[in-house]
Structure formats: C-alpha cells, structure tokens
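Reader: I'd like a close look at one part of this structure, namely how its charged and aromatic side chains are placed. Please walk me through it in one go.

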Amino acid sequence: MTGTDVRIDGNTLRLPGGAAVRFIRTLRLPETGTHPLPPGLGEFPLRRVADHADSVPEAWRARGGVMLPVYLREALWLSFAGTEEPAALQVGAGKVCAVSGRPWSDRLTRSPQNYVVLPRQRWLDGINSGEGTVRQFVAVPLGLGATVEGQVTGEEVWGGVQLQSFPLGADALARWRRAERERLERQRAELAARPPAHTAGYGAAPAMAAPPPPGAAPARAGGAPRSAAAMGLGVGGSLRQEVYRDDRPSADWAEQPSGRVFVHLVTPPEWRRITGEAPPPSPVDRAAYTRAGLPWFDYYDQDAQDLGPAGPLRSVQPVGDWLGDDHEPWQPPSPHQVKQLGDAPGKPVEDGDW
C-alpha cells in the first residue's frame with residue numbers, strides 16, 4: 001500500500017495511516033424516544049467503482065471510490081474496529097459533516113470539531129445531536145429533500161458518504177508509538193508477575209479482551225452506463241451514543257489528509273445490474289428482531305467528553321416526515337437484552353473529483 005492508497009480488505013475500507021471502516025447493516029429504530037444501540041446484522045459488501053466502469057453512471061466514474069447496496073429506509077452504522085493507529089476521520093453525508101453540520105472541508109477544525117478520533121470513537125451510528133445522542137443514519141433517495149444534505153444545504157448534489165483521514169504528525173506519532181511500546185511492556189510484565197490461576201492445570205487464565213463492538217454480533221442470515229437511482233443519508237431515531245471531543249493538541253495532527261474515499265449508495269436493483277451480484281436480503285422487521293433475543297448495547301466512557309449538539313444539524317427532520325410512517329410495529333427490547341459496554345490486499349481504490 002502506498003502512502004495515499006485506500007484499499008478494500010474483505011468488506012473493510014483501509015485508509016492510509018491505519019484507519020479501518022466497515023459499514024454495518026442494522027435495525028431502523030422509531031423516530032420517537034431515545035434508544036440503546038442495536039447490534040449489527042452483517043457487513044455491507046463493498047466494490048470498487050473502477051471495476052465496473054462500463055456499467056456505472058459517468059458521474060460515479062468521475063468521483064471514483066467504492067459502492068455498496070442499501071435498501072430504501074435501511075439503517076446503517078460505521079464501525080472503526082481494526083484501526084491500527086490514532087487517526088482523525090471526517091465523515092460526510094452528501095458532503096455535509098456528520099459531526100459539525102458544516103460544509104465538507106479539507107482541513108480539521110476544532111470550533112466546531114469536524115471529525116471523530118479513532119480508535120476512541122469505536123463506531124458512529126448517525127449525525128451528532130449532542131447530549132450523548134446521535135440521529136440514526138437512514139438511506140433515502142435523492143430528489144425528495146429528505147437527506148441531511150438537502151435539509152442543510154437546500155440542494156441534493158452529492159449523496160453518498162465521504163470519508164477523509166488525517167494521521168498524527170511525525171513527532172506526535174513517534175511519541176504515541178513510544179508510549180504504546182511502554183504500555184505493552186508493562187502489560188507483559190504484569191501478566192508475568194501474576195500467580196497462576198486455578199484452571200485445573202491449564203496455566204494462567206488468558207487476559208480478558210475488550211468487549212466487542214455491536215458489529216461483532218451474529219448476522220442474520222450489467223448493462224450500458226445510465227443514470228442510477230442516487231441515494232443519500234437521512235436521519236431516523238435518536239440513539240444513546242457520544243461523539244467524543246478531541247483531547248489532543250490541534251498541532252498533533254497532520255495538516256493534510258492522508259487519504260479519502262467517496263462511498264456511493266446503490267439501490268439493490270442497480271447493484272445487481274452493475275455488479276451482476278445478488279444484493280443482501282431485505283432488512284429484518286423490528287418485532288422479529290427483538291423476539292430473536294439479539295443483544296442491544298449501551299456504551300459510556302467516563303474519561304471522555306461528549307461534543308455539544310451541532311447547530312446546522314439540529315433542524316434536520318427524520319425521514320418519516322418526508323416519506324410517511326411505514327406503520328412497522330415496534331417491540332422494545334427487554335432489560336436483559338441491553339448489554340453495557342464500556343497493508344491490505346486488493347487494488348487501490350481510485351479517487352476522483354468531488
């Protein structure tokens with residue numbers, strides 16, 4: 001991997017500097033009330049636009065990047081598990097920052113903060129609404145005005161999702177690597193000094209792993225170029241999730257991004273036409289999801305500080321206000337289902353003009 005290459009590793013996007021991003025299918029939640037985090041229902045498949053240049057729209061070829069299939073009103077979240085080193089990641093919804101609500105920028109800003117800090121931010125389920133909550137990402141077609149982009153800017157030009165990562169600067173990265181080596185050495189010394197555990201002769205008990213993010217939950221189980229049904233991100237219900245304030249000095253981060261990628265959202269029929277592959281099965285209904293006993297998650301980091309609500313995002317209305325209520329029944333989870341949490345293969349993804 002060269003310094004500016006973005007690559008697909010399985011269904012993981014690997015950006016330069018070690019940031020890893022997966023797009024996770026999940027349950028769309030009611031637009032009233034505030035809910036715990038639902039688990040993942042499997043990963044969205046990712047494909048390079050360049051591999052299907054003869055069947056994607058011309059605008060997609062110009063923007064490059066990758067694509068994934070998503071159903072109308074399907075919810076998704078971003079997992080950052082597997083990120084190797086600290087990174088500042090900008091997330092755009094139609095080139096509107098999902099953290100600050102401001103227009104897309106090639107620079108990091110702190111007032112307001114326009115990025116999430118990896119690996120502390122383990123996932124992002126929606127746009128920042130402050131007070132320990134986000135509004136769930138939900139896929140909607142362009143042209144109705146229901147997307148975040150349409151409601152904030154008054155136009156729907158870009159759609160999709162945009163990602164851009166910034167690594168630590170050279171000095172800050174060297175300090176972090178040194179501190180990380182020292183931490184691992186202390187950890188090994190502490191493990192070596194522990195008395196053997198009572199495990200019927202099998203030696204010391206293994207160190208406990210960190211709790212898995214929601215995406216680790218079990219998953220349930222073309223032709224000539226033309227204009228495709230473009231999709232973007234609107235918002236759904238409110239979820240209990242903090243977007244963490246950066247506690248590093250601004251000077252620690254590199255001034256220039258190390259990599260970026262445009263993620264096109266494709267309707268399932270277009271996915272089949274473009275790639276020749278079957279799209280994932282349709283989303284599971286809410287009642288069946290809860291009856292199956294799948295876990296929900298409530299995560300809180302007492303050492304981190306949540307960002308305040310993003311001004312431009314406060315007035316974004318949920319997709320139900322635009323598309324109407326789908327009358328899908330809601331069955332809330334029982335208390336025992338809510339769990340408290342505390343160089344890649346493949347060809348480089350081609351960037352373009354966006």
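Author: Start with K95: its charged end sits over the ring of W158, 4.3 Å from the ring centre. Keep in mind that we're looking at a predicted model. An arginine does something along those lines too, with R120 lying over the face of Y244 at 5.9 Å from the centre of the ring.

From charges over rings, let's move to rings paired with rings. Searching the whole structure turns up three aromatic pairs. One of them is Y115 with W253: the ring centres are 6.4 Å apart and the planes meet at 70°, so this pair counts as edge-to-face. The cut-off for that label is an angle over 60 degrees. Both Y115 and W253 are buried. F262 and W354 make another edge-to-face pair, with 5.4 Å from centre to centre and 80° between the planes. F262 is buried, because its relative accessibility is just 1%, and W354 is buried as well, at 10%. Add W104 to F262 and W354 and you have one aromatic cluster.

Now for the charges that meet other charges. The count of salt bridges comes to 13. Take R7 and D5, whose closest N and O atoms are 3.3 Å apart. R7 counts as buried at 12% relative accessibility, and D5 is buried with a relative accessible area of 12%. R48 and D51 are another such pair, their side chains meeting at 2.7 Å, N to O. Here the burial is uneven: R48 is buried at 10%, whereas D51 is partly exposed at 44%.

Then there's E85, which forms a salt bridge with R177, the closest N and O atoms being 2.9 Å apart. E85 is in the loop between β7 (75-79) and β8 (87-93), while R177 belongs to helix α3 (residues 170-193), so this bridge ties together parts that are 92 residues apart in sequence. E85 is buried, at 18% relative accessible area, and R177 is partly exposed, at 38%.

D125 is a charged residue of another kind. You'll find D125 in the loop between β10 (123-124) and β11 (126-130), buried with a relative accessible area of 2%. Yet D125 has no salt bridge, and the nearest side chain of opposite charge, that of R122, is 11 Å away. What the side chain of D125 does have is a polar contact with the side chain of Q241, at 2.7 Å. Leaving aside residues up to four places away in sequence, D125 touches a mixed set of neighbours, including L37, L76, W77, V134, R135 and L239. F137 is one of those neighbours too; it is 12 residues away along the chain from D125, with 6.2 Å between the C-alpha atoms.

Charged residues are buried in helix α4 (residues 268-275) as well. Six of the eight residues of α4 are buried, and the helix is mostly covered. Among the buried ones are E270 and R273, along with the aromatic W271. The cover over the buried residues of α4 includes β5 (47-48), α1 (58-63), β6 (66-69) and β15 (259-266). Right after α4 comes G276, with a positive phi near 80°.

How values were computed:
Residues are numbered from 1 along each chain as its sequence is written. Side-chain values use heavy atoms; hydrogens and water are left out. Rings of Phe, Tyr and Trp (its six-membered ring) pair if their centres lie within 6.5 Å; planes under 30 degrees apart count as stacked, over 60 as edge-to-face and the rest as tilted. Buried means under 20% relative accessible area, exposed over 50%, partly exposed in between (1.4 Å probe, protein chains only). A charge sits over a ring if NZ of Lys or CZ of Arg is within 6 Å of the ring centre and within 35 degrees of the ring normal. Helices (H or I, at least four residues) and strands (E, at least two) are DSSP runs, numbered from the N terminus. Contact means heavy atoms within 4.5 Å. A polar contact is a pair of N or O atoms within 3.5 Å; within protein, one must be able to donate a hydrogen and the other to accept it, and residues adjacent in sequence count only if both atoms are side-chain atoms. Lys and Arg count as positive and Asp and Glu as negative; His and the chain ends are not counted. A salt bridge is a side-chain nitrogen of Lys or Arg within 4 Å of a carboxyl oxygen of Asp or Glu.
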